[in-house]
Amino acid sequence: MRVLCTTLGSPSHGRAQLPLLRALAEAGHQVLVVTSDALAPVFRDDDVRVDTALPEFDPMARMAPYLAELQDTADLTEPTAAMSRILLRALTGPGVKPHLDVLLPLARNFRPDLILRDGMDMAAVLTAELLSVPQLPTPSGFNNTLDPAEVLEQLNQRRQELGLPESGDPLSVAPHGRVDYVPPAFSFARHLSRAWAYRQTVDVERAAVLPEWAAALCTDRPLVYAAVGTALPALRERAAGRPAPLPVKMPDAADSLRAIAQAASELDDCTVVVSTSGIPLDTEGLPGHVHVTDRVPQPLLLESVDLFVTHGGFNSIREAMRTATPLAVLPHFGDQHANADRVEELGLGRHITDRSAAGIADVCRKLLADPAPRARARSAQLAMLALPRIEHAVADLEGIAG
């Protein structure tokens with residue numbers, strides 16, 4: 001079987017695909033990953049072919065032509081129905097064509113039997129239809145918030161332009177379902193209910209080990225881990241590199257990081273590890289119970305953590321569910337707000353709404369003192385452990401590909 005996989009967005013999207021691609025490659029199938037130069041390193045240690053023909057994917061740039069419709073400056077830090085609709089229009093609008101012009105010739109040359117696509121990749125949907133091969137979106141936060149009915153009209157316009165038959169079925173965007181690593185009872189998907197669910201793995205980064213300083217952390221008190229993920233730093237870099245700012249209010253990851261560090265200082269009865277993802281942070285004056293690092297193998301550290309303060313990316317939430325770690329979610333943009341609300345609905349933690357250091361510290365204290373989120377997190381972990389191993393996906397995908 002020949003499998004084409006597309007990866008856009010941030011490194012977290014590629015890391016969500018890795019376990020699936022590894023299982024396919026180990027079963028002897030040919031895997032081609034089509035991505036950008038920036039995301040290619042995610043796949044460097046794996047037995048897959050990588051083509052970096054895709055330009056860097058910038059959803060903000062795609063949205064720019066539509067933002068003028070808003071009367072006020074768009075605030076990406078607050079979720080609104082209008083912003084969600086603009087994002088969907090940007091992903092399925094005429095801006096799809098340059099991406100399709102790159103992807104389609106590659107796919108025709110590779111002749112895939114199956115396409116696994118980034119959830120945001122509508123060009124891969126059209127490519128699959130043009131080649132008459134099945135496609136499935138891989139785990140991502142975008143899949144969880146996507147309302148298929150909202151993209152149908154625009155998707156049909158693209159189909160019409162390409163000479164494809166239009167569809168009256170909103171689920172034509174994912175006719176074979178989607179891949180997920182979360183059991184149905186704990187699903188974060190609002191509309192795409194059909195899923196092929198497999199067990200979340202903690203072994204994503206090959207040969208990952210914790211640094212030596214982690215083994216020396218004080219463990220006679222609760223261990224709290226805080227991180228801002230990979231998407232926020234990427235947004236920050238893109239914003240700094242633009243010749244003219246977009247008419248949007250962007251989330252400031254540096255502000256959030258400073259608030260998290262100050263909150264960590266206030267949690268003087270805990271040991272706190274703060275991962276900055278490379279964002280500069282002034283550590284002068286931080287007390288000894290706070291340990292700041294650029295990066296740490298997150299799935300491994302979470303196995304020993306009592307509380308995870310997170311931006312609410314779907315990868316991070318799944319990893320915490322896999323290790324039964326309660327969550328304090330400080331969302332910034334996109335699906336993160338919906339994820340924070342779903343964490344509360346499921347009883348896995350709390351949505352931090354007071355973004356000050358005092359507000360973050362208060363939520364942390366309440367979660368550490370409450371046994372209910374820990375018990376609920378164990379339930380989620382057990383449900384995840386009851387899912388089939390990722391290797392079982394190979395036979396399922398072979399069946400879909402025919």
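A cavity, in the sense used here, is a set of grid points inside the protein where a 1.4 Å probe fits but cannot get out, and a residue belongs to its lining if one of its atoms lies within 4 Å of such a point. The structure above is a predicted model, and with that in mind we can go through its interior step by step.

Rolling a probe the size of a water molecule over the atoms shows where empty space is left. In this model there are 4 cavities of 30 Å³ or more, and the largest of them holds about 50 Å³ of space. Its lining is made up of V224, A226, I260, A263, A264, L267, V272, V309, I360 and C364. Two or more of these lining residues come from each of β9 (223–227), α10 (253–266) and α14 (357–369), and α10 gives the largest share, with 3 residues. When the lining is sorted by class, 10 residues are nonpolar, while none is polar and none is charged.

From the empty space we can turn to the packed side chains. The largest nonpolar core has 31 residues, and those that touch the most other members are L4, M122, F142, L146 and V173. At least two residues of this core are supplied by each of β2 (30–34), α3 (81–92), α4 (96–110), α5 (122–131) and α7 (148–161). If we leave aside residues up to four places away in sequence, M122 touches L91, T92, V96, R117, F142 and V173. Another core, of 29 residues, lies apart from the largest one, and its members include A264, C270, L281 and L330. A264 therefore deserves a second look in the picture above, as A264 is also named in the lining of the largest cavity.

Terms used: Residues numbered from 1 in each chain as written. Predicted model: local features only at pLDDT ≥ 70, side-chain atom pairs only at ≥ 80, totals over all residues. Heavy atoms only, no water. 1 Å grid on protein atoms, 1.4 Å probe; cavity = no way out; pocket = protein on both sides within 12 Å on 5 of 7 lines; lining within 4 Å. Points joined across faces, edges and corners; volume = space filled by probe spheres on them. Helix = DSSP H or I, 4+ residues; strand = E, 2+ residues; numbered from the N terminus. Nonpolar A, V, L, I, M, F, W, Y, C, P; charged D, E, K, R; others polar. Core = buried A, V, L, I, M, F, W, Y, C linked by side-chain atoms within 4.5 Å. Buried < 20%, exposed > 50% of the residue type's maximum accessible area, 1.4 Å probe, protein only. Contact = heavy atoms within 4.5 Å.
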